[in-house]
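Colleague: Got a minute to go through this model with me? Put it up and let's talk.

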Amino acid sequence: MTHCSKKFRAALFIGSEGLYSPRMRVHLDAEKCQGHNRCYALAPEIFDVDDYGQAVLLIEDDVPSDLEDKARLAASNCPEYAITITD
Ligand code: F3S
């Protein structure tokens, strides 16, 4: 019982420090992407561009907390609404 409690507290500690958000994920709809590349310009840590100019998502797991603002900025600047965020 004590062992489980320590594990639970450790998980909360990491979250409360803001080091890593287990909630935010970025989703890219490749069908909607038209290659405007604003996502790559605004958040190159999260997006790359392939040989055809289409966006490629670099982080498919939870987004680190220090990149959350960039993820939101990229999503809000995609003129095709190809990027969505789930929290
Ligand atoms: Fe595509 Fe939108 Fe980025 S159109 S290249 S996902 S800004």
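Colleague: Is N37 buried or exposed?

Modeller: N37 is partly exposed, at a relative accessible area of 28%; buried would be under 20% and exposed over 50%, with partly exposed in between (1.4 Å probe, protein chains only). Keep in mind that this is a predicted model, where local features need pLDDT of at least 70, side-chain atom pairs count only at pLDDT 80 or more, and totals for chains, interfaces and linings use all residues. Residues are numbered from 1 along each chain as its sequence is written, and side-chain values use heavy atoms, with hydrogens and water left out.

Colleague: Where is N37, and what is its phi?

Modeller: N37 is in the loop between strand 1 (25-28) and helix 2 (38-42), and its phi is positive, about 65°, though N37 is not a glycine. Helices (H or I, at least four residues) and strands (E, at least two) are DSSP runs, numbered from the N terminus.

Colleague: And what about Y81's phi?

Modeller: Y81 is not a glycine either, and has a positive phi of about 55°. Y81 lies in the loop between helix 3 (68-77) and strand 4 (83-86) and counts as exposed, with 64% relative accessibility.

Colleague: New topic: which residues are closest to the ligand?

Modeller: C33, Q34, N37, C39 and C78 are the closest of the 13 residues that surround the ligand, each with a heavy atom within 4 Å of it.

Colleague: What classes make up that shell?

Modeller: Seven nonpolar, four polar and two charged residues. Ala, Val, Leu, Ile, Met, Phe, Trp, Tyr, Cys and Pro count as nonpolar, Asp, Glu, Lys and Arg as charged, and the others, Gly among them, as polar.
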